[in-house]
Amino acid sequence: MSAPAPSSTRPTRGSELELTVDRLAYGGNGVARREDGYVVFVAGAVPGDRVRAVVGKAKKAYAEARAVEVLEPSPDRVEPVADHPGAPWQVLPYERQLAVKQEQIGDALTRIGRLEGYELAPMVPAVEQWRYRNKLEYSFGEGPGGELVCGFHAPGRFDEIVPIADCMLASERSNAAREQVLAFCRKEGLGAWDRRSQQGFLRNLVVREGRRTGQLQVRLVTSPGKLDADALIDAVDADGLFWTQTAGLGESTQGGETTLLQGSPQLHEQLGDLRFLISPDAFFQTNTEMAEVLYGHAAEAAGLHGHERVFDLYCGIGTIGLSLAARAREVVGVEIVEAAVSDAIENARLNEITNAAFYAGDIRLAMRELVERAGRPDVCVIDPPRAGLSQKVVRRIIEAAPQRIVYVSCNPTTLAPNAAQLAEAGWALRRVQPVDMFPQTPHIECVALLEKT
């Protein structure tokens, strides 16, 4: 007896499809269905677009493709402001961007977390829709004529770098610093790292700006080798200039050996009434203006009255914990990046905050000891990476038994299962407050409040 014929034929890599996009998936790709029901995720398309798309990857249940031509534009589609691979949603009106993000948070919490009975507050729109980022990471590559370029990866390509003249997500001064470094590298005849052969020198450039102080921190990331540091110092206008040498094969600005070439070892910045020092490797929210709004909502969710012990997990340089310290009895922060913990300790001293202590450690291993030493927390504030909390970290939080959990999330698809695990253990999801930190992109940030029932 022959096997039944498959209900749909999987497209082959490189094949072209004509598709109509009906919605956006989390992460920003359009979702289209062929007539046989087969799902195709389409990069570069928005709901309502009819596109010609080239298939990059095809699996049994779905394919991934990239729009190469818009045959019939969506009525929602607007003209892009900038030629910028890092701003894929700029073809949607800003109000539509906010609405889609709001829908995706609700969808993740309901569909993935199976959560209900919580309030999903309206998203707070960004103060600035362009030039809002305080940190940009650029990559070096070769242009069509073999010339050195500095910009961003082409969508879906690990080996092709799109040069950029004016990054509309960065300030004019930040753009000028990138151009100064690029001009220096061209003058010196330095070549880009080849991502296929794993050979070459220039890898990345990180430009960070103190939006409140006007300071610039510039870090050049290369393979191990020689560099005329004095000439680079003369070429670049920065308050702190660094050179990182890394032998790693993956593309990352983390790790390696970093040398301060000139200026301050930390960037000076201000959030609200607090001053902060930021080391090159330390995490700091990339939208300063909206970080103040985000932390205001985190403080509101924490509901402090002055007698609480607060655990600040994934505390980074102490931004959230220190902003809560004036309303808490004590703040205890934990972070695995030692340089960030050093910054947090220094930031507490800088702001004359005496009721905050910070420790370097892996939360999975350090949490029990913290509870033994400091006592049980009344409130846990959590700002995890995009991957969310591991099962073990969730268990440690459950063991610590805080009355309230304030979860600052940059990924609703990991917030949802984490909130569901905590709900199962006796916490109720009360409220979720989205804050738009990243206009023109699909990235989503929100503050969730869970309370012990």
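**Sheets, helix packing and a buried loop residue**

In this predicted model, seven strands make up an open sheet: 7 strands in the order 9-8-7-10-11-12-13, with mixed pairing. The edges of this sheet are occupied by strand 9 (161-163) and strand 13 (257-263); each has a single partner strand, so one side of each is left without a neighbour in the sheet. From one strand to the next, the twist averages 30 degrees. Within the sheet, strand 10 (residues 202-209) and strand 11 (residues 216-222) are antiparallel and are paired over 7 bridges. Arg-208 has Gln-217 in strand 11 as its bridge partner. Helix 2 (residues 172-188) packs on this sheet and touches strand 7 (135-142), strand 8 (148-153), strand 10 and strand 11. The direction of helix 2 makes about 135 degrees with that of strand 8.

Another open sheet has 8 strands in the order 6-21-22-20-19-16-17-18, again with mixed pairing. Strand 6 (119-120) and strand 18 (356-360) stand at its edges with a single partner strand each, so one side of each lacks a neighbour in the sheet. Strand 16 (residues 309-313) and strand 17 (residues 330-335) run parallel and are joined by 5 bridges. In this pairing, Phe-311 is matched with Val-332 of strand 17 as its bridge partner. Helix 7 (residues 363-374) lies across strand 16, strand 17, strand 18 and strand 19 (379-382), at about 165 degrees to strand 16. Helix 9 also packs on the sheet, where it touches strand 20 (404-409), strand 21 (427-435) and strand 22 (445-452). The direction of helix 9 makes about 165 degrees with that of strand 20.

Helix 9 (residues 412-424) also packs with helix 1 (residues 94-112), at an angle of about 35 degrees and with the two axes 8 Å apart. The crossing of these two helices is right-handed. On the helix 1 side, the contact is made by Ile-105, Ala-108, Leu-109 and Ile-112, which meet Pro-412, Thr-413, Leu-415, Ala-416 and Pro-417 of helix 9. By class, 8 of the residues in this contact are nonpolar and 1 is polar, with no charged residues.

A hairpin is formed by strand 14 and strand 15, with 2 residues between them. Gly-272, in the turn, has a positive phi of about 60 degrees. Strand 14 (residues 267-271) runs antiparallel to strand 15, and 5 bridges join the two. One of the residues in these bridges is His-268, whose partner in strand 15 is Leu-277. Of the 5 residues of strand 15 (residues 274-278), 4 are buried, so this strand is largely enclosed by the rest of the structure.

The loop between strand 6 and strand 7 contains Ala-126. The relative accessibility of Ala-126 is 10%, so this residue counts as buried, the cut-off being under 20%. Leaving aside residues up to four places away in sequence, Ala-126 touches Tyr-94, Met-290, Asp-436 and Pro-439. Ala-126 and Glu-289 are 163 residues apart along the chain, and their C-alpha atoms are separated by 8.3 Å.

Regarding confidence, the pLDDT of the protein averages 94, and 98% of the residues score at least 70. Residues 1-6 have a pLDDT below 50, and this stretch has 0 contacts in the model beyond near neighbours in sequence.

Definitions and conventions: Residues numbered from 1 in each chain as written. Predicted model: local features only at pLDDT ≥ 70, side-chain atom pairs only at ≥ 80, totals over all residues. Heavy atoms only, no water. Axes fitted to C-alpha atoms, helices over the stretch in contact; angles between N-to-C directions. Left-handed = near helix turned anticlockwise from the far one by under 90°. Contact = heavy atoms within 4.5 Å. Nonpolar A, V, L, I, M, F, W, Y, C, P; charged D, E, K, R; others polar. pLDDT = per-residue confidence, 0-100. Buried < 20%, exposed > 50% of the residue type's maximum accessible area, 1.4 Å probe, protein only. Pairing = 2+ DSSP bridges.
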